[in-house]
Amino acid sequence: MPVPLAPYPTPPAPAMAPSYTPPPANGSTSGQSQLVCSGCRNLLMYPAGASSVCCAVCNAVTAVPPPGTEMAQLVCAGCHTLLMYIRGATSVQCSCCHTVNLALEANQVAHVNCGNCRMLLMYQYGARSVKCAVCNFVTSVGASASTSDAKFNS
């Protein structure tokens, strides 16, 4: 008859080991905030109350906005880099390609499907037409949308 083996005991943690608390499984980041590194554009997480964050990748020090400052994000139209900015700004200049991006609030934009390829397009509220970046078709928006679609050639 085989003899059952006892499991190996867990060795005690060394006295000098740094404490590490893994992030919660539900994705919560309680007590932490995020910002984009001013050097390499990586997303950095930092503890509440920090005044600046040093990036582990490029060692750039990025200043933390004052507490209570609401941040927003957009994707640069020139190089597709994720940009973070203080909510309420009207334009944001990309630090990578220097493109000036229009920063619109949710209530300043509208959506329409492209009249040619049906891609969902976002445009500034009040615009008369929007050009599809996929097929270059210009879709008119407003009351006469169905009668004045035209192909944009350039």
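Which element gives the largest share of the lining of the second largest pocket? Hold on to that one, everybody, and I'll come back to it once we have walked through the fold. One caution before we start: what you see above is a predicted model.

Let's begin with the overall layout. The protein has 154 residues, and 21% of them count as buried. There are 13 strands and zero helices, so if you read the elements from the N terminus on, you just say "β" again and again. For those of you who like contact maps: take the contacts between residues at least 6 apart in sequence, and 15% of them join residues at least 24 apart.

Now a word on annotation. UniProt, in an unreviewed entry, lists "domain: Zinc finger LSD1-type" for residues 37-61, 76-100 and 114-138. I can give you some geometry for two of those spans. In residues 37-61, the end C-alpha atoms lie 8 Å apart, and the span is 36% strand and 0% helix. For residues 76-100, the end C-alpha atoms are 8 Å apart, with 36% strand and 0% helix.

Let me stop at one residue within 37-61. Cys-40 sits in the loop between S1 and strand S2 (43-47). With a relative accessibility of 28%, Cys-40 counts as partly exposed. Setting aside residues up to four places away in sequence, Cys-40 touches Cys-55, Val-57 and Cys-58. Going from Cys-40 to Cys-55 takes you 15 residues along the sequence, while their C-alpha atoms are 8.4 Å apart in space.

Next, Thr-81, in the loop between S5 and S6. Is Thr-81 buried or exposed? Its relative accessible area is 17%, and the cut-off for buried is under 20%, so Thr-81 is buried. Its contacts, leaving aside neighbours within four places in sequence, are Arg-41, Leu-74, Val-75, Cys-76 and Cys-96. Please remember Arg-41 and Val-75, as both turn up again in a moment.

On to the pockets, which I suspect is what you came for. The largest pocket holds about 770 Å³ of space. Its lining is made of 24 residues, and Val-75, Leu-102, Leu-104, Val-109 and Met-122 lie nearest the centre. Four elements give two or more residues to that lining: S5, strand S8 (100-102), strand S10 (120-124) and strand S11 (129-131). Of the elements, S10 gives the most, with five residues. By class, the lining of the largest pocket has 17 nonpolar, four polar and three charged residues.

The second largest pocket holds about 230 Å³. It is lined by 15 residues, and those closest to its centre are Val-36, Arg-41, Thr-62, Met-71 and Met-84. Strand S1 (32-36), S4, S6 and S7 are the elements that give two or more residues here. And that brings us back to my opening question: the largest share comes from S6, with three residues. The class split for this lining is 10 nonpolar, four polar and one charged.

Now for the electrostatics people. How many salt bridges does the structure hold? Just one. The side chains of Arg-87 and Glu-70 form it, at 3.4 Å from N to O. Arg-87 is in the loop between strand S6 (82-86) and strand S7 (91-93), and Glu-70 is in the loop between strand S4 (61-63) and strand S5 (71-75), so the pair ties together parts that are 17 residues apart in sequence. As for solvent, Arg-87 is partly exposed at 40% relative accessibility, whereas Glu-70 is exposed, with a relative accessible area of 53%.

Last stop: backbone torsions. If you look at a Ramachandran plot of this model, here are two residues to find. His-98, which is not a glycine, has a positive phi near 65 degrees. You'll find His-98 in the loop between S7 and S8, and at 52% relative accessibility it counts as exposed. Arg-118 is not a glycine either, and its phi is positive too, at about 70 degrees. Arg-118 lies in the loop between strand S9 (109-113) and S10. Its relative accessible area is 54%, so Arg-118 is exposed.

That's my tour. Thanks for listening, and I'm happy to go back to any of these spots on the screen.

Terms used:
Residues are numbered from 1 along each chain as its sequence is written. This is a predicted model: local features need pLDDT of at least 70, side-chain atom pairs count only at pLDDT 80 or more; totals for chains, interfaces and linings use all residues. Side-chain values use heavy atoms; hydrogens and water are left out. A salt bridge is a side-chain nitrogen of Lys or Arg within 4 Å of a carboxyl oxygen of Asp or Glu. Buried means under 20% relative accessible area, exposed over 50%, partly exposed in between (1.4 Å probe, protein chains only). UniProt positions are given in the numbering used here, feature names are shortened, and annotations may be inferred rather than shown by experiment. On a 1 Å grid over the protein atoms alone, a cavity is a set of points where a 1.4 Å probe fits but cannot get out, and a pocket is an open set with protein on both sides within 12 Å along at least five of seven lines; lining residues have an atom within 4 Å of a point. Grid points are joined across faces, edges and corners, and a volume is the space filled by probe spheres set on the points. Ala, Val, Leu, Ile, Met, Phe, Trp, Tyr, Cys and Pro count as nonpolar, Asp, Glu, Lys and Arg as charged, and the others, Gly among them, as polar. Contact means heavy atoms within 4.5 Å.
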